Amino acid sequence: MQLSVRKRISHREVVSSENGRPVDGLVIAWFAVVIENPFPAEYVADLVTLADAVGEELGDLVGPPCVELLGAEVEAFGKAALVGIDGEVEHGSALIHNLRFGNRFRAAAGGDTLLPAAEKVGLPGQSIDVPIKHKLDATTRSHHQTVTLMIPDAPRPREIVVAAVAASGGRPLARLATFGAEVA
């Protein structure tokens, strides 16, 4: 099966200052595709077979382009799925919580840890806050943050927005413990 892509969206920002203090060029990027929901409109028990069939294609659609858009070495990353109202949150989860999808993004980013994720059902223009963490060590607290993405005309009722998010560093002016035995 080949995915039906309605559009591709890219967003890149460079943070130069925070709270009146200079920041050394933190870059944040996200790349998303708006696809036709590949799952049937009625309930089906097996979402994994189809998610496996499209996982690598979907990972290639968003992972490498996100890394390229960032234009810097990736330090933190995350992923998201925003499902239109005629779908289920489980449809988005099946697509992004799939090693065939995730491994494509991890390989492009040079990461080897869990990709944090957000998924939900929403209307066109709905925002979604995507958690990102360090690509090699999810306990690196300086890199725990969220990135908000929104596409004004997506997702339509039978669509899913799938996105990859990358950052060239941690939070601007991070000054909490980087590593630690304490877990909050």
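How much area does the chain expose, and what share of it do carbon and sulfur atoms supply? The chain exposes about 8,900 Å², and carbon and sulfur atoms supply 51% of that area; accessible areas come from the Shrake-Rupley method with a 1.4 Å probe, and for residues only the protein chains shown count as cover.

This is a predicted model, in which local features need pLDDT of at least 70 and side-chain atom pairs count only at pLDDT 80 or more, while totals for chains, interfaces and linings use all residues. Residues are numbered from 1 along each chain as its sequence is written, and side-chain values use heavy atoms, with hydrogens and water left out.

**View 1. The whole chain holds three helices and seven strands.** Starting at the N terminus, the order of elements is β-β-α-β-α-α-β-β-β-β. Helices (H or I, at least four residues) and strands (E, at least two) are DSSP runs, numbered from the N terminus. The C-alpha trace spans about 50 × 35 × 30 Å along its principal axes. Of the 184 residues, 47% count as buried; buried means under 20% relative accessible area, exposed over 50%, and partly exposed in between (1.4 Å probe, protein chains only).

**View 2. Here is the one aromatic pair that a search of the whole structure finds.** Phe77 and Phe105 form a tilted pair, with 5.5 Å centre to centre and 45° between the planes. The pair links distant parts of the chain: Phe77 belongs to strand E3 (residues 76–83) and Phe105 to helix H3 (residues 99–109), 28 residues apart. Rings of Phe, Tyr and Trp (its six-membered ring) pair if their centres lie within 6.5 Å; planes under 30 degrees apart count as stacked, over 60 as edge-to-face and the rest as tilted. Both Phe77 and Phe105 are buried.

**View 3. His143 sits in the loop between E5 and strand E6 (145–149).** Is His143 buried or exposed? His143 counts as buried because its relative accessibility is 8%. Leaving aside neighbours within four places in sequence, the contacts of His143 (heavy atoms within 4.5 Å) include Glu75, Ile132, His134 and Arg171.

**View 4. Ile85, Val89, Val121 and Leu123 form a nonpolar patch on the surface.** Together these residues have about 300 Å² of accessible area. Leu123 lies in the loop between strand E4 (117–121) and strand E5 (128–134). With a relative accessible area of 46%, Leu123 is partly exposed. Patches are made of residues with over 30% relative accessible area and no salt bridge (a side-chain nitrogen of Lys or Arg within 4 Å of a carboxyl oxygen of Asp or Glu); like charges are joined within 9 Å, and nonpolar side chains (Val, Leu, Ile, Met, Phe, Trp, Tyr) within 5 Å.
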